[in-house]
Amino acid sequence: MKKTLPFFRFILYSNIFITACAWLMVHQVYDLLLSAPVNPDYAGFVIFSTLCSYSFHWYLTTGSVLPSKRMDWLKKNRWLHVILFFAGLAGAVFFFYRLTGYWLWLLGAVIPTFLYSAPKIPHPLFRVLRKVAYGKTFFLSFVWTYVTAVLPLVLSGKSWEPVFTVFILGRFFLVYAICLVFDYRDREDDRHDGVISIITNMPEKQIRLLFYTTILLFIISTVSLHNYEFSFITVLWLLIPGIITALLFPLARKNFSDWLYYFVLDGLMAFSALLTLVARI
């Protein structure tokens, strides 16, 4: 077990795991909504751009108020994020170029992704953004939903259907609930860095209300998919990550371990995609 831990830390902390999650989420949309194989060019764009953006974000992360093994790992391996950033950038540019005709749609993901990490850039021009980052939770949830659900449907060229909107809402509320948990953990770091998020100074009672309301909206929108010929078992697979997130919320407010957040909670975004993928085998 001790020999495997460094390998799993590498997969987790080098952003390979979160990149795999993004790919699974895209695959699920093609599988459930389009009944078609994943567009290889778009899959390549998602993989490399996710690796690029997360490497950029973590390279700019210089510390944390909370004890973090990831930060200790980052201090020793910051050079790796530089390599992965440029590798991801090269791949993202290559596949961006191949997706001719959709550049404006893709820029709708690229620009917000950059702006999310921009406040970490050590320059006064970008540090000003920390004062206007109130909606960063919504912002990040939107980007994840846009990249993993909206863009695959747009690139397919298929006429828009009501079921697409319902599925997108369900995905957004799940990701938003998970992002709220991350924001709860990051409150002290945000206060230290002068970042104003939606829950930085929100009372505990209101945070719980916001979280469970989001989970409820996730459940309502996901269950509604049954009206669009989604089978009971498929709806159940989609519901499981939200239910687990709700059950973990009390623990996640006390336990800020890297494995809980970067493996379990991040993994829950793609867990239903993994379940539906395995069920198809």
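**Exercise 1. Determine how the lining of the second largest pocket divides by residue class, and which elements supply it.**

By class, ten nonpolar residues, one polar residue and no charged residues line the second largest pocket, where Ala, Val, Leu, Ile, Met, Phe, Trp, Tyr, Cys and Pro count as nonpolar, Asp, Glu, Lys and Arg as charged, and the others, Gly among them, as polar. The model is a predicted one, in which local features need pLDDT of at least 70 and side-chain atom pairs count only at pLDDT 80 or more, while totals for chains, interfaces and linings use all residues. Residues are numbered from 1 along each chain as its sequence is written, and side-chain values use heavy atoms, with hydrogens and water left out.

Step 1 is to fix the terms: on a 1 Å grid over the protein atoms alone, a pocket is an open set of points with protein on both sides within 12 Å along at least five of seven lines, a cavity is a set of points where a 1.4 Å probe fits but cannot get out, and lining residues have an atom within 4 Å of a point. Grid points are joined across faces, edges and corners, and a volume is the space filled by probe spheres set on the points.

Step 2 is to list the lining, which consists of Phe17, Ala20, Cys21, Leu24, Ile244, Val264, Gly267, Leu268, Ala270, Phe271 and Leu274, around a volume of about 190 Å³.

Step 3 is to assign these residues to elements, helices being DSSP runs of H or I with at least four residues and strands runs of E with at least two, numbered from the N terminus. Helix H2 (16-34) and H13 each supply at least two residues, and H13 gives the most, with six.

**Exercise 2. Describe the largest cavity by volume, lining and class.**

Step 1 is the count, which comes to one cavity of 30 Å³ or more, and the largest cavity holds about 110 Å³ of space.

Step 2 is the lining, made by Gln28, Val166, Phe167, Gly170, Arg171, Leu174, Phe218, Thr222, Leu225, Leu238, Met269 and Ser272. Helix H9 (162-185), helix H11 (204-223) and helix H13 (258-280) are the elements that give two or more residues to this lining, with H9 giving the most, five residues.

Step 3 is the class division, in which the lining of the largest cavity has seven nonpolar, four polar and one charged residues.

**Exercise 3. Place the largest nonpolar core within the fold.**

Step 1 is the fold itself, which comes to 13 helices and zero strands.

Step 2 is burial: 51% of the 281 residues are buried, meaning under 20% relative accessible area with a 1.4 Å probe and protein chains only, whereas exposed means over 50% and partly exposed lies in between.

Step 3 is the core, a set of buried Ala, Val, Leu, Ile, Met, Phe, Trp, Tyr and Cys residues joined through side-chain atoms within 4.5 Å. The largest has 82 residues, and those with the most contacts inside it are Leu33, Tyr42, Trp144, Leu225, Phe230 and Leu265; H9 gives the most to this core, with 17 residues.

**Exercise 4. Which class, buried or partly exposed, does phenylalanine 173 belong to, and which does tryptophan 105?**

Phenylalanine 173 lies in helix H9 and counts as buried because its relative accessibility is 17%. Leaving aside neighbours within four places in sequence, phenylalanine 173 is in contact (heavy atoms within 4.5 Å) with Thr214, Leu217, Phe218 and Ser221.

Tryptophan 105, in helix H6 (residues 103-117), is partly exposed because its relative accessible area is 40%.
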